Amino acid sequence: EPKLDGNFERIMKIADGIRRLKVRTNADTPKDAQTARNFGAEGIGLCRTEHMFFGADRIDAVREMIIADNKMDREKALAKLLPMQREDFYQLFKIMDGLPVTIRLLDPPLHEFVPHTDEETKELAKRLNTDYERLRSKVKSLHEFNPMLGHRGCRLAITYPEIYQMQVRAIAEAAAQLMAEGKTLAPEIMIPLVATDKELDTLRGQAVAEVNKVQSEKNVKFEYTVGTMIELPRAAITADAIAEHADFFSFGTNDLTQTTLGLSRDDSGRFLGTYVSHGILPKDPFMSIDQVGVGSLVKMGVDLGRRTKPDLKVGVCGEHGGDPESIEFFHKVGLDYVSCSPFRVPIARLAAARAALIGKKIH
Ligand code: PEP
Ligand code: MG
C-alpha cells in the first residue's frame, strides 16, 4: 500500500472541502473495507455477497443449496451459511463504524457455483454423500446457455425466497449484535437486477418482514433501508414506479452498459479497441460512461426516481464510479455518491472535487 504522507492528506482535505459527491467503496472483505477507509472512503456502496460464498468452508453448502430439490433441503444448506454470513456482516459493520454500508443480496452467476465437469460432479457427490447420477442430472438441468441473462439476481430470490431471507436475517442479526454492544448503524439492503417494480415490491416486503422478525426476537430496534440496483434499461425507464418501493437507487453501470449496448461485459474487450480506434465509439463504454446511451438512462433513472421521491438517495457502484470523466457526469446528473474499488477512492475524491469546480465555472 502506498504510504499516506502529510501532503497527500493536505491535498485530499482541499478536495473534500470542494466536492459535493460522497465517495464510497466496493468492498466485501474486512481487508478491503479497511484499506478503503484508510483512503478516505465514506461508506460501502456495494458489498457483493456472492464473493463471500466461494470460500473453501462454504462452497459445498452453497452448492448443496443450489442443487437442492426442495425447500427443506435448501433451508438445511442455508442454515449452515447463516452464522458465517452473520459474522461477515458483523465484521464489515464494525470496521465501517457507523458509516453507511450497502449489502447487496446474492446476485450469483449460477454457473460459477455448479460443478463444471463430470469429475467435479463425482467429487461433489462423494462429499455431499449423494447419488452421482442424480446429482449429474440436476447439474445438467441447471445449465443455462446465457447465464448473465438467466436465473440471476433477484430472479433467483423470486423462485427461492429463502435465500434472501437467510441473508436479511444475517444482516439484521449482525446489526442487532452491534446495537447490543452500544453501536448505532443503519444497514442498507440492496436488491440486484430488478426489472420491474413488482419484483422489488415482493422482495422488499419479504425483507422488511424478516428484519421485523429479528428485531422483535432480539428486542432491538435499528434503522435500515431497502433499495435497489438500477442496472437494466427497463428499471431506468420505469424508475418512477420502482422508486415507490425503494429507499435508494444504485446504478450498476456494468450490467447497464452490457444490456443497453447489447455487449457482453465478459467478451467485448477484444473488439472494443477497434471500435475506439475507428472512432465508432469515443471510449470503451465499460471503462467510461457512454453519455448518450447508458448515461441517458442514468439521467432518466435519477429524474424519474426523484419525481416519485424528491429526496431519493442515488449512487453508482459500477466500475464507472472510479473513472474521473464518468464522475464528472455523475456529479452533473445529481448523484449523491460514487462507489469504487478501494484503491480508486483517492482519485474519486479528487475527480469529484474537479467536477464541482467545473460545475461552478459553467453556472
Ligand atoms: C454492475 O452491474 O454495475 C454492478 C455493480 O454489479 P456487478 O458488477 O456485480 O454485476
Ligand atoms: Mg450487476
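Is Asn219 buried or exposed? Asn219 is exposed, because just 8 other C-beta atoms lie within 10 Å, and a residue counts as exposed at 12 or fewer. The residue sits in the loop between helix H9 (197–218) and strand E5 (225–230). Its backbone deserves a look as well. Asn219 has a positive phi, near 55 degrees, in a residue other than glycine. Most residues other than glycine have a negative phi.

The model is predicted. The average pLDDT of the protein chain is 95. A score of at least 70 is reached by 98% of the residues. Confidence is highest in strand E6, at 99, and lowest in helix H3 (residues 59–67), where the mean is 89. For the complex, the predictor reports an ipTM of 0.99 and a pTM of 0.96.

Now the overall form. The protein chain has 16 helices and eight strands. Along the principal axes, its C-alpha atoms fill a box of roughly 70 × 55 × 45 Å. The radius of gyration is 21 Å, and a compact globule of 363 residues would have a value near 21 Å, so the two agree. Of the 363 residues, 45% count as buried. Contacts reach far along the sequence. Among those with a separation of 6 or more, 72% join residues 24 or more positions apart.

Next, the interior. The largest nonpolar core has 95 residues. Those with the most contacts inside this core are Leu21, Phe93, Ile171, Val338 and Ala352. Helix H8 (residues 161–180) gives the core its largest share, 11 residues. Ala352 shows how separate parts of the sequence meet. Leaving out residues up to four places away in sequence, Ala352 touches Arg19, Leu21, Val23, Ile327, His331 and Val338. Two of these partners, Leu21 and Val338, are also on the list of residues with the most contacts inside the core.

Two helices make a useful contrast. Helix H12 spans residues 253–261. Seven of its nine residues are buried, so H12 is largely enclosed by the rest of the structure. The buried ones are Thr253, Asp255, Leu256, Thr257, Gln258, Thr259 and Thr260. They pack against helix H10 (233–237), strand E6 (248–251), helix H14 (294–308) and strand E7 (313–316). Strand E6, one of these partners, is also where confidence is highest. Helix H13 (residues 269–277) is another matter. H13 is hardly covered, and the count of buried residues among its nine is zero. Each helix is followed by a glycine with positive phi. Just after H12, Gly262 has a phi of about 65 degrees. After H13, Gly279 has a phi near 75 degrees.

Helix H12 also brings us to the annotated site. An unreviewed UniProt entry carries the annotation "binding site" for Arg48, Arg104, Glu231, Gly252, Thr253, Asn254 and Asp255. Thr253 and Asp255 are among the buried residues of H12. Asn254 lies in H12 too. Asn254 counts as partly exposed, because 16 other C-beta atoms lie within 10 Å, while a buried residue needs 20 or more. Beyond its neighbours within four places in sequence, Asn254 is in contact with Arg265, Phe286, Gly318 and Glu319.

Arg48 enters the annotated set from another element. Arg48 lies in strand E2 (residues 44–48). With 16 C-beta neighbours inside 10 Å, Arg48 is partly exposed. Apart from residues up to four places away in sequence, Arg48 touches Asp28 and Arg104. Arg104 is itself covered by the annotation.

Finally, back to the loops. Asp97 is found in the loop between helix H4 (71–96) and strand E3 (101–104). Asp97 has a positive phi of about 50 degrees, although it is not a glycine. With 12 other C-beta atoms within 10 Å, Asp97 counts as exposed. Ala56 occupies the loop between E2 and H3. Ala56 is exposed, because 6 other C-beta atoms lie within 10 Å. Ala56 and Arg86 are 30 residues apart in sequence, and their C-alpha atoms are 17 Å apart in space.

Key:
Residues are numbered from 1 along each chain as its sequence is written. Chains are lettered from A and ligands numbered from 1 in the order in which they are written. This is a predicted model: local features need pLDDT of at least 70, side-chain atom pairs count only at pLDDT 80 or more; totals for chains, interfaces and linings use all residues. UniProt positions are given in the numbering used here, feature names are shortened, and annotations may be inferred rather than shown by experiment. Helices (H or I, at least four residues) and strands (E, at least two) are DSSP runs, numbered from the N terminus. Two residues are in contact if their C-beta atoms, placed from the backbone, lie within 7 Å. The radius of gyration is taken over C-alpha atoms; the globule rule is 2.2 Å times the number of residues to the power 0.38. pLDDT is the predictor's confidence in each residue, from 0 to 100. A nonpolar core is a set of buried Ala, Val, Leu, Ile, Met, Phe, Trp, Tyr and Cys residues joined through C-beta atoms within 7 Å.
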